[in-house]
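Here is a short set of exercises to work through with the structure open beside you. Try each task first, then compare your steps with the solution.

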Amino acid sequence: MSVCAVLFILLVLGTPSQAGELEAFPDLHLNDPGAVQEATRVLEEEVKLATRAQTYLLIDLVTQTIQIKGRGIELHRIPIVSWSAKAVQNMKGAYRLITRPPVIRRKIDPTASVEQEPISLADMPVDYTLSYTPPLTVDVAPVAGENPVQWLRAHGKRWWRNAKDWSDSFSTGQSVPQSPYLQLEVSAEQAQSLAWSAVDGMALVIRRPTDK
């Protein structure tokens, strides 16, 4: 464990929250070595990212939240309704976004007398795929009760990916190495908010559960 990470953990765990500010990992069980090691790994990655004037994402699978952060400060929190994943053990280090959500831009009416925004939060998709380097796929989907069609479409991607992995393994007669995959269900509004915040090269760090 680096000295920087140790000092950061002591600072975070030893400083009382003010005005409802969130502490880092308040749910952390200090008597669980695996959980402490995972939290330390994540904090070390955050220390590196916090030195840059760029926003980044922390997907915390323990607390089921997506945190949009900048300089180590939480700017926005998105609750995860449910999630599923493959190769969770390989989700280490920081990832960089290479494929942003597709957006259909509205046409501007040149005859309109009022200013028209070229794009807004309402134009953001509610189900989409984020691709990262090193290889990581994140599918974002709305909850079934809000948009059943989009929910089925998103889960169809997962079923197709599972079928393809099985087919590849069957045809080769051996297990095919799996790239990490994560599917997140959030509210439609929060899915649009996440899509709005995505920028090329945006970093992502994932906190993994230790009981999986």
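**Exercise 1. Find what share of the chain's 212 residues counts as buried, and describe the chain as a whole.**

Solution.
- Step 1: Apply the burial classes, where buried means under 20% relative accessible area, exposed over 50%, and partly exposed in between (1.4 Å probe, protein chains only). By this rule, 39% of the 212 residues are buried.
- Step 2: Keep the source in mind. This is a predicted model, in which local features need pLDDT of at least 70 and side-chain atom pairs count only at pLDDT 80 or more, while totals for chains, interfaces and linings use all residues. Residues are numbered from 1 along each chain as its sequence is written, and side-chain values use heavy atoms, with hydrogens and water left out.
- Step 3: Assign helices (H or I, at least four residues) and strands (E, at least two) as DSSP runs, numbered from the N terminus. The chain has four helices and nine strands, in the order α-α-β-β-β-β-β-β-β-α-β-α-β.
- Step 4: Sort the contacts (heavy atoms within 4.5 Å). Among those between residues at least 6 apart in sequence, 66% join residues at least 24 apart.
- Step 5: Compute the surface with the Shrake-Rupley method and a 1.4 Å probe, where for residues only the protein chains shown count as cover. The total is about 12,200 Å², and carbon and sulfur atoms hold 58% of this area.

**Exercise 2. Examine helix H2: its span, its N-terminal cap and its buried residues.**

Solution.
- Step 1: Take the expected span as 1.5 Å times one less than the number of residues. For the 17 residues of H2 this gives 24 Å, and the model's 25 Å from first to last C-alpha is close to that.
- Step 2: Look at the N-terminal end. Asp 32 caps H2 there, with a side-chain oxygen 3.1 Å from the backbone nitrogen of Gly 34.
- Step 3: List the buried positions. They include nonpolar residues such as Val 42, Leu 43 and Val 47, but also the charged Glu 38, Arg 41, Glu 45 and Glu 46.

**Exercise 3. Which residues pair with Glu 38 and Glu 45 in salt bridges?**

Solution.
- Step 1: Search for a side-chain nitrogen of Lys or Arg within 4 Å of a carboxyl oxygen of Asp or Glu. Seven salt bridges turn up in the whole structure.
- Step 2: Recall the principle: side chains of opposite charge can pair when their charged atoms come close.
- Step 3: Glu 38 pairs with Arg 41 at 2.6 Å, N to O. The two sit three residues apart in H2 (residues 33-49), so about one helical turn separates them. Arg 41 is buried at 14%, and Glu 38 is buried at 6%.
- Step 4: Glu 45 pairs with Lys 48 at 3.9 Å, again three residues apart in H2. Here Glu 45 is buried at 14%, whereas Lys 48 is partly exposed at 48%.
- Step 5: Elsewhere, Asp 27, Asp 60 and Arg 207 form a network of salt bridges.

**Exercise 4. Where is Arg 208 placed, and what does Arg 208 touch?**

Solution.
- Step 1: Arg 208 is in the segment after strand S9 (203-207), and is buried at 13%.
- Step 2: Test for polar contacts (a pair of N or O atoms within 3.5 Å; within protein, one must be able to donate a hydrogen and the other to accept it, and residues adjacent in sequence count only if both atoms are side-chain atoms). The side chains of Arg 208 and Glu 38 are joined by one at 2.7 Å.
- Step 3: A polar atom of the Arg 208 side chain also lies 2.9 Å from the backbone oxygen of Gln 89.
- Step 4: Leaving out residues up to four places away in sequence, the residues Arg 208 touches include Arg 41, Val 62 and Met 91.

**Exercise 5. How many residues does the largest nonpolar core have?**

Solution.
- Step 1: Join buried Ala, Val, Leu, Ile, Met, Phe, Trp, Tyr and Cys residues through side-chain atoms within 4.5 Å. The largest core has 28 residues, and Ile 59, Tyr 132 and Leu 182 are among those with the most contacts inside it.
- Step 2: Trace the contributors. Elements giving two or more residues include strand S1 (55-60), strand S8 (181-186) and helix H4 (188-197).
- Step 3: Look for another cluster. A second, separate core of 11 residues includes Phe 25, Val 42, Tyr 56 and Leu 58.
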